[in-house]
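Trainee: I am new to this structure and would like a close look at a single part of it, namely the metal sites and what lies around them. Could you take me through that part slowly, in one connected account?

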Amino acid sequence: MRDHPTTHLDARAPLVLDTRDLPRTPGAMRAVERVVPAPENLGLELIRVPEGADIALTVRLESVSEGVLVSARAQAPLEGECGRCLRDITDSLDVQFQQLYAYEHSTTDETTDDDEVGRMQGDLIDLEPELRDAVVLALPLHPRCRPDCPGLCPDCGVPWDELPADHSHTQVDPRWAALGQLNKKS
Ligand SMILES: [Zn+2]
Ligand SMILES: [Zn+2]
């Protein structure tokens, strides 16, 4: 029996890793591959992993002296809006991250801050906070449909990409317009 009876994590939650099968012997390793549904609000205001979309996780768990070192790769679809022309963007994300999770009551657990090192709850590891950090860091702050997106016409709000090359709102003086008509006739 371990002496930490209260575990708040649910071993069956998609982003919780159960290390019961991993011997607590430094160097022991285990690989986990799973597809999990994206949690809500995974991303930024303009671009995100759609809630419920498939995230392909490839995880390597390695026992170290005071915990478990997790190396993970996550691949997921992205959807968002171009920050210039507001049209929809679809893209994909491929991020890798690594985090040490300290055993409860290990020296590392007692002597480090939570933001330096993750914490195990019994045999369980919650991957979600580190996944969120890795995803958010990998996303562009100013997503674009393409790098040189010209944005919107400031007068009519239509994307320049959808307007003819000579699109303009320049008001021609009516007298000149009449002259133009005359010239055409002659
Ligand atoms: Zn755009
Ligand atoms: Zn316009």
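Mentor: Around the zinc ion (ligand 2), the four donor atoms subtend angles of 98 to 114°, and the arrangement is therefore tetrahedral; please keep in mind throughout that this is a predicted model. The protein donors of this ion are Cys-153 (SG), Cys-156 (SG), His-167 (NE2) and His-169 (NE2), which lie 2.0 to 2.3 Å from it, and along the sequence these donor residues follow the spacing C-x2-C-x10-H-x1-H. Two of the cysteines can be described further: Cys-153 is buried, with a relative accessible area of 2%, whereas Cys-156 is partly exposed, with a relative accessible area of 33%.

The zinc ion (ligand 1) has as its protein donors Cys-82 (SG), Cys-85 (SG), Cys-145 (SG) and Cys-149 (SG), lying 2.3 Å from the ion. Here the four donor atoms subtend angles of 105 to 113°, which makes this arrangement tetrahedral, and the spacing of the donor residues in sequence reads C-x2-C-x59-C-x3-C. Cys-82 is buried, its relative accessible area being 0%, and Cys-85 is buried as well, with a value of 3%.

From the metal sites we can turn to the charged side chains. Arg-87 forms a salt bridge with Asp-161, and the closest N and O atoms of this pair are 2.5 Å apart. Because Arg-87 lies in the loop between S6 and strand S7 (88–102), while Asp-161 lies in the loop between H2 and helix H3 (174–185), the pair ties together parts that are 74 residues apart in sequence. Arg-87 counts as partly exposed at 26% relative accessibility, and Asp-161 counts as partly exposed at 33%. Both residues also belong to a network of salt bridges that links Arg-87, Arg-146, Asp-148, Asp-161 and Glu-162, and a search of the whole structure finds 13 salt bridges.

Another of these pairs is Glu-128 and Arg-132, whose closest N and O atoms are 3.1 Å apart; the two residues are four apart in helix H2, so about one helical turn separates them. Helix H2 (residues 128–138) also holds Glu-130, which is buried yet has no salt bridge, the nearest side chain of opposite charge being that of Arg-119, 9.0 Å away. Leaving aside residues up to four places away in sequence, Glu-130 touches Phe-97, Gln-99 and Tyr-101.

Terms used
Residues are numbered from 1 along each chain as its sequence is written. Chains are lettered from A and ligands numbered from 1 in the order in which they are written. This is a predicted model: local features need pLDDT of at least 70, side-chain atom pairs count only at pLDDT 80 or more; totals for chains, interfaces and linings use all residues. Side-chain values use heavy atoms; hydrogens and water are left out. Buried means under 20% relative accessible area, exposed over 50%, partly exposed in between (1.4 Å probe, protein chains only). Lys and Arg count as positive and Asp and Glu as negative; His and the chain ends are not counted. A salt bridge is a side-chain nitrogen of Lys or Arg within 4 Å of a carboxyl oxygen of Asp or Glu. Contact means heavy atoms within 4.5 Å. Donors are N, O and S atoms within 2.8 Å of the metal (3.2 Å for Na, K and Ca); water is not among the atoms, so sites may look incomplete. Four donors count as tetrahedral if all angles lie between 85 and 135 degrees; four count as square planar and six as octahedral if opposite donors are over 155 degrees apart and all others between 65 and 115; anything else is irregular.
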